[in-house]
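I opened my notebook for a structure that was new to me. Here is what I looked up, entry by entry.

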Amino acid sequence: MDQQAIQDKQEQQEQQEQKEKKSGRSFLEWVWALGIALLIALVLTQFVMINAQVPTGSMENTIQVGDRVFGLRLAYLFDGPQRGDIVVFRWPDDETQLFVKRVIGLPGETVEIIDGKVYINGSAEPLDEPYLKDVPEGSAGPYVVPAGHYFVMGDNRNHSLDSRVWDNTFVSDDEIVGKALFRIYPDPTVLH
C-alpha cells in the first residue's frame, strides 16, 4: 500500500471512532435526560400535584363517575381548607382509599342537617349550596367538628356516603392530600 492509502485508512478509522464516541455520548445524554424527566415527574406527583379518579356519583353534578380530577398538594401549605373547597383526602375509615368531597364544616363549628338543609353554629339561615344535584333530604347531627378536622359531604347528598355516616366522622388535616382544582378528563373544567 502506498502512503496515501495508509493515511486514508487511518482517517477513516479515526472518523469511525469519533462517530462511535458521539453515538455513545448521545445515548448517555438521552438516558440522562430521560432520568431527569422521570425524577421531575416523580417529585411533582408525590409533592406538588395529585391526579385522582372519582369512582362514584357522590359528587354529581360537579364531578361525574369516572372523571379524573387534578389537585394541588401544596394548596393548604399556609392556610387550611375553606368551606366549599373540594378536597382529595384519605378516607378516615380506610386510609388506603382516596375520596373527593366538599368541605362543609370547619374546625370548631357545629354542623346540623335539618330537612336536608345545612346549618352552621345554629344559624337561622341554611348554607347557600347552588352546586347540589337534587334537593337534599333527611336530618343528621349536630356534629361538633374537632380542632384540626373537617366535616365533608358530597354534592349528590341523597346518594353520598360522607361524614354523616362514616365510623370516623371527620377528616383530619393529615388526611387531606390536596385541593381539587380541575376536572381533566373527559371534559376539562375548573372546579368550584
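Is S163 buried or exposed? That was my starting question, and since this is a predicted model, I treat each value below as computed from it. S163 counts as buried, because its relative accessibility is 1%, under the 20% cut-off for that class.

**Entry 1: around S163**

I placed S163 in the loop between β8 and β9. Leaving aside neighbours within four places in sequence, I found S163 in contact with Y150, F151, V152 and T169. I also looked at a residue from another part of the chain: S163 and G105 are 58 residues apart along the chain, and their C-alpha atoms are separated by 9.9 Å.

Next I turned to D162, which also has its place in the loop between β8 and β9. D162 counts as buried because its relative accessibility is 0%. Not counting residues up to four places away in sequence, D162 touches K101, V152, M153 and G154.

**Entry 2: the whole chain**

I then stepped back to see the overall layout. The chain has one helix and eleven strands, and the helix comes ahead of the strands in the pattern α-β-β-β-β-β-β-β-β-β-β-β. Of the 192 residues in the chain, 35% are buried. I also checked contacts with a separation of 6 or more: 59% of them are accounted for by residues 24 or more positions apart.

**Entry 3: how the strands pair**

I followed the strands from β1, residues 49–53. β1 pairs with β2 in the antiparallel sense, over five bridges, and Q53 stands opposite R68 in β2. The two faces of β1 caught my eye: I50 and A52 are on the covered face, while M49, N51 and Q53 are on the uncovered one. This fits a general rule, that side chains in a regular strand alternate between the two faces of the sheet.

From β2 (residues 68–72) I moved on to β10 (residues 176–185), and five bridges join these antiparallel strands. One pair I noted is G71 with its bridge partner A180 in β10.

β10 has further partners. Three bridges join β10 to β3 (residues 86–90), again antiparallel, and F89 has I176 as its bridge partner in β10. Two bridges join β10 to β11 (residues 189–190), also antiparallel, and here R183 is partnered by T189 in β11. β10 and β11 form a hairpin, with three residues between them.

**Entry 4: the nonpolar core**

Which residues of the largest nonpolar core touch the most other members? Of its 13 residues, they are I104, V111, I113, V118, Y143, F151 and M153. Four strands each supply at least two residues of this core: β5 (110–114), β6 (117–120), β7 (140–144) and β8 (149–153).

I picked V118 for a better look. Setting aside neighbours within four places in sequence, V118 is in contact with I104, V111, E112, I113, P126, L127, E129, M153 and R157. That list includes I104, V111, I113 and M153, which I had just met among the core residues touching the most other members.

**Entry 5: the largest pocket**

I wanted to know what lines the largest pocket, which has a volume of about 190 Å³. I found 14 lining residues, of which P55, T56, S58, F99 and K101 lie nearest the pocket centre. Strand β4 (residues 98–105) gives the largest share of the lining, four residues. Sorted by class, the lining has eight nonpolar, five polar and one charged residues.

**Entry 6: two prolines in loops**

Where is P107 placed? I found P107 in the loop between β4 and β5. P107 counts as partly exposed because its relative accessible area is 35%, between the 20% and 50% cut-offs. Its contacts, neighbours within four places in sequence aside, are V145, P146, A147, G148, H149 and Y150. P107 and G80 are 27 residues apart in sequence, and 9.8 Å apart from C-alpha to C-alpha.

My last stop was P130, in the loop between β6 and β7. P130 counts as exposed because its relative accessibility is 68%, over the 50% cut-off. P130 and D155 are 25 residues apart along the chain, with their C-alpha atoms separated by 9.5 Å.

Definitions and conventions
Residues are numbered from 1 along each chain as its sequence is written. This is a predicted model: local features need pLDDT of at least 70, side-chain atom pairs count only at pLDDT 80 or more; totals for chains, interfaces and linings use all residues. Side-chain values use heavy atoms; hydrogens and water are left out. On a 1 Å grid over the protein atoms alone, a cavity is a set of points where a 1.4 Å probe fits but cannot get out, and a pocket is an open set with protein on both sides within 12 Å along at least five of seven lines; lining residues have an atom within 4 Å of a point. Grid points are joined across faces, edges and corners, and a volume is the space filled by probe spheres set on the points. Ala, Val, Leu, Ile, Met, Phe, Trp, Tyr, Cys and Pro count as nonpolar, Asp, Glu, Lys and Arg as charged, and the others, Gly among them, as polar. A nonpolar core is a set of buried Ala, Val, Leu, Ile, Met, Phe, Trp, Tyr and Cys residues joined through side-chain atoms within 4.5 Å. Buried means under 20% relative accessible area, exposed over 50%, partly exposed in between (1.4 Å probe, protein chains only). Contact means heavy atoms within 4.5 Å. Two strands pair if DSSP finds at least two bridges between them.
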